[in-house]
Each structure stands twice: as structure tokens, then as C-alpha cells.
Amino acid sequence: EQMMRRIQLPPVVIFFDEFQMIDIGDASVVKAIFQRLIHHGSVIITSCNLPPSHLLQIASSGREIQEFTELLQDSMNVYSLPAEGEKVIDYRQKQYENTESDINLFFKDIDSFNMLYNTLLEGEPNETNYSLEIKNYKRFITIPHSNISKSICKFTFDDLCSAEVSSVDYHSIVK
């Protein structure tokens with residue numbers, strides 16, 4: 001805190017891409033910096049698939065974390081992109097739409113993808129809407145199609161990229 005008081009900061013605009021906190025020590029330091037920046041008129045812009053209430057992916061619900069969460073919620077305007085009702089565009093796929101390539105990075109044909117998934121199931125049942133607990137974070141993510149004993153699952157692009165999920169969620173799915 002003493003060091004933060006000595007640093008004279010002019011108002012700035014700072015952008016954090018895919019912002020989230022997963023370490024309580026980092027959160028304590030960043031909270032003090034954010035408070036100082038906001039107090040001096042700075043603008044903090046973040047991008048993330050999560051709302052401000054879930055940006056702190058820390059397995060603790062202590063007072064410090066609650067205060068930081070409240071700071072984020074009180075000082076941020078939330079804008080969802082794309083706007084409600086607009087279609088999500090997967091630009092990773094779009095760049096390969098008009099190219100002749102031997103490398104098929106994505107399944108363009110859903111039937112081929114489903115055939116591969118069913119082959120991997122080897123006749124075992126497909127479980128739908130499996131609820132996976134995100135350990136230590138008191139929340140769940142739904143896996144639309146899975147076979148837990150075979151450690152396979154399938155999602156659509158929208159299931160993963162248009163939902164409020166983060167790297168913590170992706171890591172939990174992979175585990």
C-alpha cells in the first residue's frame with residue numbers, strides 16, 4: 001500500500017485480454033493496483049467469457065476476494081459480444097473456408113464428426129448433459145455429450161466459445 005501511494009499515475013486506459021485471476025496472492029496485489037488506477041480516473045477494459053462476478057477463479061471465498069469481486073462489479077460496464085440475437089462467427093474456421101488445403105483442422109461436415117464420436121464410443125452409451133463440478137469453485141459446467149468411462153466428450157463451438165467458461169473450466173473438462 002505504501003508503494004502504491006508513492007507511485008504517481010496519470011489516468012490511463014489498460015486492456016487485459018482474457019482477464020481472470022486464479023491465484024489469491026496475485027488477486028491481492030492486482031486489487032490494490034486496480035483500486036489505485038480506478039481512483040485516479042483510469043479506465044480498465046477486459047475481455048473474458050465470464051461476467052465480473054466470476055473473474056476471480058480462486059478457491060477461496062474470503063473477505064479480500066469478495067471485496068475485489070465487488071470492486072470489479074461496481075466499476076465495470078459489461079457488454080456482451082456479439083449482441084443478443086446475433087450469430088457467433090468462428091473466425092478460426094472462416095480463414096480456411098475458401099482455401100484448398102490437405103489439412104482439415106475442423107470438421108465441416110457434422111455427420112463425419114458424429115461418426116468419429118460414435119466410433120470412439122465403441123457401442124457404449126452416450127450420456128447427455130453430464131454435470132461436471134468445477135472443483136473448489138462451487139459451480140458446474142454441463143457437458144452435452146460424453147462417456148466418462150472412456151474419457152470422451154463432444155461440444156459444439158457455441159457450447160464452448162459462446163458460454164461463460166474460462167481456462168479453469170477447460171482444464172477441468174480435460175482432467
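Buried residues have under 20% relative accessible area, exposed ones over 50%, and partly exposed ones fall in between (1.4 Å probe, protein chains only). Keep these words in mind as you travel through this structure.

The model is predicted, so to speak a calculated guide: local features need pLDDT of at least 70, side-chain atom pairs count only at pLDDT 80 or more, and totals for chains, interfaces and linings use all residues. Residues are numbered from 1 along each chain as its sequence is written, and side-chain values use heavy atoms, leaving out hydrogens and water.

**Stop 1: aromatic rings**

A search of the whole structure turns up four aromatic pairs. Begin by selecting Phe16 and Phe19: their ring centres are 5.6 Å apart and their planes meet at 50°, so this pair is tilted. (Rings of Phe, Tyr and Trp, the last by its six-membered ring, pair if their centres lie within 6.5 Å; planes under 30 degrees apart are stacked, over 60 edge-to-face, and the rest tilted.)

Now colour the two residues by accessibility. Phe16 counts as partly exposed because its relative accessibility is 30%, whereas Phe19, at 6%, counts as buried.

Next, select Phe34 and Phe68. How are their rings arranged? The centres are 5.8 Å apart and the planes stand at 90°, so the pair is edge-to-face. Phe34 sits in helix H2 (residues 24-39) and Phe68 in helix H3 (residues 63-75), so their contact ties together parts that are 34 residues apart in sequence. (Helices, H or I with at least four residues, and strands, E with at least two, are DSSP runs numbered from the N terminus.) Buried or exposed: which word fits Phe34 and Phe68? Both are buried.

Before you leave, show Phe16, Phe19, Phe34 and Phe68 together: ring pairs link them into a cluster.

**Stop 2: salt bridges**

How many salt bridges does the structure hold? It holds two. (The term means a side-chain nitrogen of Lys or Arg within 4 Å of a carboxyl oxygen of Asp or Glu.)

For one of them, stay with the two helices you have just visited and select Lys31 and Glu67, whose closest N and O atoms are 2.8 Å apart. This pair links distant parts of the chain, with Lys31 in helix H2 and Glu67 in helix H3, 36 residues apart. Lys31 is buried, since its relative accessible area is 7%. Glu67, on the other hand, counts as partly exposed at 28% relative accessibility.

Then move to Glu122 and Lys150, where the closest N and O atoms of the salt bridge are 2.6 Å apart. Here too, distant parts of the chain are linked: Glu122 is in the loop between helix H5 (110-121) and strand E3 (127-134), while Lys150 is in the loop between strand E4 (139-147) and strand E5 (152-154), 28 residues away. With a relative accessible area of 61%, Glu122 is exposed; Lys150 has 26% and is partly exposed.

**Stop 3: the sheet**

You have already touched the loops around E3, E4 and E5, so show these strands as a cartoon next. The three strands form an open sheet in the order E3-E4-E5, and the pairing is antiparallel. (Strands pair if DSSP finds at least two bridges between them.) Which strands lie at the edges? They are E3 and E5, each pairing on one side only.

Zoom in on E3 and E4, which run antiparallel and are joined by seven bridges. Select Leu132 here, and you can find its bridge partner, Ile141, in E4. Then slide across to E4 and E5, an antiparallel pair with three bridges. Asn147 stands opposite Ile152 in E5.

Follow the chain from E4 to E5 and you trace a hairpin with four residues between the strands. Pause in the turn at Ser151, which has a positive phi of about 60°.

**Stop 4: two more residues**

Select Tyr79, found in the loop between H3 and helix H4 (91-94). Tyr79 is exposed, its relative accessible area being 67%. Add Pro51 to the selection: Tyr79 and Pro51 are 28 residues apart in sequence and 9.5 Å apart in space, C-alpha to C-alpha.

Finish at Val43, which lies in strand E2. What share of relative accessible area does Val43 have? The value is 40%, so Val43 is partly exposed.

Terms used
Two strands pair if DSSP finds at least two bridges between them.
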